[in-house]
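Colleague: I should like to learn how the features of a protein model are read. Could we go through them one at a time?

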Amino acid sequence: MATGQNIVDLTREVMDAVSSSEWSDATLTTWCGMAQWQLWANLLNANRYLNMQAVTVTQDSSGRFTVASLTTGTTDTTKYFYRILSLSNPNTSSSVNPTFYKQVRFEDIPNPQGIVSQDYAWYRYGDYIQLSPVQNGTTATATVNYRPISISQASALSVAVVFPTGYESLIAWRAAPM
């Protein structure tokens, strides 16, 4: 597995700037981080089942939880939320299956209410995810795609780059023309 420094050095080689002092490590680290971030988005759009995790969230009194709560980890282990794949209420007993929410538009349920005869649904509401029906304090499980930290977000260039093995050079090739 390559480190951030390996990718920065490879980027310098691709740019044919190995002996040049024009490009600092800090500049190349930023470019490599941007390239890595874009490439992860492409990978997740091509394969929705790559980098998945289940995150437990709790509804507030409005039936919402923050999008930021879907990002987990700290420093070099952070997993940045990318997309919700599924959202469900956990089963409350061995005889009850989980209830899955259907994604809808805001216009479909602009004023979600408490437990009524509505379908279980969710939509993005600014920096929140709105659930319907509203169930204050109820937990839900969001299965999400995530992006790992980028080279520019790592605590040091010695940190291993999380990217599909053998394809790390794509980051350098994407960053070099920037």
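Modeller: We shall take the sheet, the helices, the aromatic rings and the backbone in turn. Please bear in mind that this is a predicted model.

Colleague: In what order do the four strands of the open sheet lie?

Modeller: The order is E1-E8-E3-E4, and the pairing is antiparallel. Strand E1 (52-58) and strand E4 (99-100) are the edge strands, each pairing on one side only. E1 is joined to strand E8 (residues 139-148) by seven bridges, and the two run antiparallel. Within E8, Thr141 is the bridge partner of Thr56.

Colleague: Which helix packs on the sheet, and which strands does the helix touch?

Modeller: Helix H2 (residues 25-46) does so, touching strand E3 (79-89) and E8. The direction of H2 makes about 125° with that of E8.

Colleague: How should the packing of one helix against another be read?

Modeller: Two packed helices are described by the angle between their axes and by the distance between those axes. Here the axes of helix H1 (residues 4-14) and H2 come within 10 Å and cross at roughly 100°. Angles of 65 to 115 degrees count as roughly perpendicular, so H1 is roughly perpendicular to H2. On the side of H1, the contact is made by Gln5, Ile7, Val8, Thr11 and Arg12; H2 contributes Asp25, Leu28, Thr29 and Cys32.

Colleague: What is the chemical character of the residues in the contact of H1 with H2?

Modeller: Four of them are nonpolar, three are polar and two are charged.

Colleague: How is a pair of aromatic rings described?

Modeller: A pair is described by the distance of the ring centres and the angle of the planes. The structure holds seven aromatic pairs. In one of them, Trp37 and Tyr80, the ring centres are 5.4 Å apart and the planes stand at 75°. Planes over 60 degrees apart count as edge-to-face, and therefore this pair is edge-to-face. Trp37 belongs to helix H2 and Tyr80 to strand E3, so that the pair links distant parts of the chain, 43 residues apart.

Colleague: Is Trp37 buried, exposed or in between?

Modeller: Trp37 has 24% relative accessibility and counts as partly exposed. Tyr80, at 24% relative accessibility, also counts as partly exposed.

Colleague: What class does the pair of Phe106 and Tyr125 fall into?

Modeller: The ring centres of Phe106 and Tyr125 are 5.9 Å apart and the planes are at 35°, so the pair is tilted. Phe106 lies in the loop between strand E5 (102-103) and strand E6 (121-125), whereas Tyr125 is in strand E6; the pair therefore ties together parts that are 19 residues apart in sequence. Phe106 is partly exposed at 36% relative accessibility, and Tyr125 is partly exposed with a relative accessible area of 35%. Together with Tyr123, Phe106 and Tyr125 form one aromatic cluster.

Colleague: What should one look for in the backbone?

Modeller: Most residues other than glycine have a negative phi, and most peptide bonds are trans. In this model, a cis peptide bond joins Ser132 and Pro133, with omega about 5°. Pro133 is found in the loop between strand E7 (128-132) and E8.

Colleague: Where does Asp16 lie, and what is its phi?

Modeller: Asp16 lies in the loop between H1 and H2, and has a positive phi of about 55° although it is not a glycine. At 71% relative accessibility, Asp16 counts as exposed. Thr75, likewise not a glycine, has a positive phi near 45°. Thr75 is placed in the loop between strand E2 (64-66) and E3, and is exposed, with a relative accessible area of 53%.

How values were computed: Residues are numbered from 1 along each chain as its sequence is written. This is a predicted model: local features need pLDDT of at least 70, side-chain atom pairs count only at pLDDT 80 or more; totals for chains, interfaces and linings use all residues. Side-chain values use heavy atoms; hydrogens and water are left out. Two strands pair if DSSP finds at least two bridges between them. Contact means heavy atoms within 4.5 Å. Axes are lines fitted to C-alpha atoms, for helices over the stretch in contact, and angles run from 0 to 180 degrees between N-to-C directions. Angles under 35 degrees count as roughly parallel, over 145 as roughly antiparallel, 65 to 115 as roughly perpendicular and the rest as oblique. Ala, Val, Leu, Ile, Met, Phe, Trp, Tyr, Cys and Pro count as nonpolar, Asp, Glu, Lys and Arg as charged, and the others, Gly among them, as polar. Rings of Phe, Tyr and Trp (its six-membered ring) pair if their centres lie within 6.5 Å; planes under 30 degrees apart count as stacked, over 60 as edge-to-face and the rest as tilted. Buried means under 20% relative accessible area, exposed over 50%, partly exposed in between (1.4 Å probe, protein chains only).
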